[in-house]
Amino acid sequence: MSVLNVTNISRNGNDTLCVIMPCFNTRPELLRAAIQSVDQERSLINELGFDTSMILVDDCSTSANTKSALKEIEQAYDWVEVTLLMKNHGPAGARNKALLQCDSNWVAFLDSDDYWIQGGISSLCKILINNPSIEWISGDFFLVENNDDLPNSTFYPNHPDRYEYVKTAFKQNKEIRLEKPIREFLEGSLCSMGSCIISKNALEVIGFFNGRQRKGVDTELYWRLARSFDMIFV
């Protein structure tokens with residue numbers, strides 16, 4: 001693990017970011033909260049030169065309320081594309097369907113019962129702009145239950161086994177670069193689907209999500225990413 005020295009090299013200004021969000025019978029109020037949080041963050045991301053869109057994949061929901069909310073969202077937000085699957089694939093399969101549609105060079109993920117905090121994902125985008133060689137960036141996050149207020153502390157400082165690998169980022173208030181961190185990820189995940197950005201190139205190299213799995217799909221993807229690419233942690 002090393003402290004990253006941010007360079008002044010910028011990307012070509014043609015960066016595109018696709019937010020992929022699967023849903024299945026998600027309560028409408030959670031769907032709306034997730035979309036609204038992306039809408040707020042999108043303006044900050046676009047100011048950095050990214051063109052941001054979303055693919056919202058409905059994994060064959062049976063709830064009429066969910067279906068109604070999806071129609072409402074697609075009509076209200078011209079940057080959201082709703083894809084309806086005719087059979088249930090699970091989160092991994094639904095994300096893979098969206099990845100096949102996605103033509104952006106960067107991908108961010110969000111579960112339909114989560115939401116982005118304003119200034120979070122855009123802070124990752126700022127670092128990507130100045131680091132054209134990086135393929136994968138992860139940040140910290142909050143765990144919130146039952147729509148409570150945000151807790152005082154984020155996730156990693158409360159998990160000593162994981163914090164050990166990223167404590168330099170917190171102590172020096174700087175992003176760090178982990179070199180192909182497969183050992184670290186085998187001991188404890190240093191990434192969360194809602195607080196990371198991955199290049200489409202990296203996902204194509206490792207082969208997307210394992211659609212045969214129903215559990216542990218995120219962790220298994222991280223292992224393959226960590227085996228092939230360095231990661232920046234913010």
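Helices here are DSSP runs of H or I with at least four residues, and strands are runs of E with at least two, numbered from the N terminus. Counted that way, the protein chain has eight helices and nine strands. Its radius of gyration is 17 Å, close to the 17 Å that the globule rule gives for 234 residues, so the chain is as compact as a globular protein of that length. Please keep in mind as you read that this is a predicted model.

## The chain as a whole

Let us start with the overall picture. Taken along the principal axes, the C-alpha atoms fill a box of roughly 50 × 35 × 35 Å. Buried residues make up 50% of the 234 residues. How much of the contact network joins residues 24 or more positions apart? Among contacts with a separation of 6 or more, such residues account for 78%.

The accessible surface comes to about 11600 Å², and carbon and sulfur atoms hold 46% of that area. As for charge, the chain carries 23 positive and 31 negative side chains. The centres of these two sets lie 6 Å apart.

## A covered helix

Helix α4, residues 120–129, is a good place to look inside. How many of its ten residues are buried? Seven of them are, which leaves the helix mostly covered. The buried residues are Ile121, Ser122, Leu124, Cys125, Ile127, Leu128 and Ile129.

An α-helix has 3.6 residues a turn, so residues three or four places apart point the same way. You can follow this idea along the helix in the structure above.

What covers the buried residues of α4? The cover includes the strands β2 (16–23), β5 (106–109), β6, β8 (196–199) and β9, together with helix α1 (28–47).

## Aromatic rings

A search of the whole structure finds ten aromatic pairs. One of them joins Tyr156 and Phe233: the ring centres are 5.2 Å apart and the planes stand at 90°, so the pair is edge-to-face. This pair links distant parts of the chain, with the two positions 77 residues apart in numbering. Tyr156 sits in the loop between β6 (136–138) and α5 (160–172), while Phe233 belongs to strand β9 (residues 231–233). Both Tyr156 and Phe233 are buried.

Tyr156 and Phe233 are also members of a cluster linked by ring pairs. The other members of the cluster are Phe141, Phe155, Tyr163 and Phe170.

## Individual residues to find

The table gathers the relative accessible area of several residues.

| Residue | Relative accessible area | State |
|---|---|---|
| Cys60 | 27% | partly exposed |
| Phe208 | 13% | buried |
| Phe209 | 3% | buried |
| Ile176 | 0% | buried |
| Met193 | 3% | buried |

Cys60 and Phe208 are worth a look for their backbone. Cys60 has a positive phi of about 65° although it is not a glycine. Where does Cys60 lie? Its place is the loop between β3 (51–58) and α2 (64–76). Phe208, also not a glycine, has a positive phi near 60°. Phe208 is found in the loop between α7 (200–206) and α8 (217–228).

Phe209 is in the loop between α7 and α8. Not counting residues up to four places away in sequence, which residues does Phe209 touch? They are Ala92, Arg95, Asn96, Leu99, Phe109, Met193, Val217, Asp218, Leu221 and Arg224. Phe209 and Leu128 are 81 residues apart along the chain, and their C-alpha atoms are separated by 23 Å.

Met193, one of the residues that Phe209 touches, lies in the loop between α6 (182–187) and β8. Leaving aside neighbours within four places in sequence, Met193 is in contact with Arg95, Phe109, Leu110, Phe209, Asp218, Leu221 and Tyr222. Met193 and Thr219 are 26 residues apart in sequence, and their C-alpha atoms are 9.5 Å apart in space.

Finally, Ile176 is in strand β7, residues 176–178. The relative accessible area of Ile176 is 0%, and the residue is buried. How far is the C-alpha atom of Ile176 from that of Lys200, 24 residues apart along the chain? The two C-alpha atoms are separated by 22 Å.

Definitions and conventions
Residues numbered from 1 in each chain as written. Predicted model: local features only at pLDDT ≥ 70, side-chain atom pairs only at ≥ 80, totals over all residues. Heavy atoms only, no water. Rg over C-alpha atoms; globule rule 2.2 N^0.38 Å. Buried < 20%, exposed > 50% of the residue type's maximum accessible area, 1.4 Å probe, protein only. Contact = heavy atoms within 4.5 Å. Areas by Shrake-Rupley, 256 points an atom, 1.4 Å probe, with all protein chains shown as cover. Lys, Arg positive; Asp, Glu negative; His and termini not counted. Charge placed at Lys NZ, Arg CZ, Asp CG, Glu CD. Phe/Tyr/Trp six-rings, centres within 6.5 Å; stacked < 30°, edge-to-face > 60°.
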